[in-house]
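I am opening my notebook on this structure and will write down what I look up, entry by entry.

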Amino acid sequence: HVVISSCNPTPVTSSNVTLTVNSEASIVSQPVNTSACEGGNASFSATVSGTTLTYQWQISTDGGVTFTDISGAIAATLSLTGVTASMNNNSYRVIVTSTACAGTVTSTAAVLSVNNNAAIIAQPTANSVCPGSNTLFTVNATGAGITYQWQISTDGGTTYTNISGETSASLNLTNVTASMNGNLYRVIINSSCSSTGIT
């Protein structure tokens, strides 16, 4: 006898699996040059894309010839606090690594400009003149964007008032009179770096 068996096997289907394509590190926007005043704060940042990113900021003090890692600077933004004049023209860049794709990209370097606070190098000196003559008071100051405002006191220094139009480093008094004897003069110097003036 011949026995014929009819078998219809039931297929077995596996579970689903997902393909994830990781993104390589890419810099969308580069760090930009920035400026700060002495004692102030500054920051650099880069906008990046990619999967599982790490950051390492670097500094160059020789105009971008060589760069060294900044310890602890491993975030997307580099924050600098209490900048000093010695940091002027330092360059900063960030190395971004995608640990998922084992790829690294380096940003362009951005430069820090440190503006000097207003400082008086040489104070005005007292003058002694005769009536009808001219005299000059001068101050020597440094700083970023400094402005001047000369003031006068006619009460021995108790109160001072601005002298209209006297906004340069020198105060020129012409045709001095006897009534001006004992007047006190000073200059207020302001910078884009200091919120209050110095005298």
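Over the ring of which residue does the charged end of Arg93 sit? I noted beforehand that this is a predicted model, and then found that the charged end of Arg93 sits over the ring of Phe67, at 3.9 Å from the ring's centre. I looked up Arg186 as well, and this residue lies over the face of Tyr160, 3.8 Å from the centre of that ring. I counted both as charges over rings, because CZ of Arg has to be within 6 Å of the ring centre and within 35 degrees of the ring normal. For pairs of aromatic rings, I recorded that the structure holds two.

Next I turned to a hairpin. I saw that strand 8, residues 91-98, pairs with strand 9, residues 103-106, in the antiparallel sense, and that four bridges join them. Across this pairing, I found Val96 of strand 8 standing opposite Val105 in strand 9. Four residues lie between the two strands of the hairpin, and there I noted that Ala102 takes a positive phi near 55°.

My last entry concerns a sheet. I found an open sheet of three strands, whose order is 15-14-17 and whose pairing is antiparallel. Its edge strands are strand 15 (161-162) and strand 17 (184-190), since I read that each of them pairs on one side only. I then followed strand 14, residues 147-153, and saw that its antiparallel pairing with strand 15 runs over two bridges. Which residue in strand 15 is the bridge partner of Gln151? I looked this up too, and the partner is Asn162.

Terms used:
Residues are numbered from 1 along each chain as its sequence is written. This is a predicted model: local features need pLDDT of at least 70, side-chain atom pairs count only at pLDDT 80 or more; totals for chains, interfaces and linings use all residues. Side-chain values use heavy atoms; hydrogens and water are left out. Two strands pair if DSSP finds at least two bridges between them. Rings of Phe, Tyr and Trp (its six-membered ring) pair if their centres lie within 6.5 Å; planes under 30 degrees apart count as stacked, over 60 as edge-to-face and the rest as tilted.
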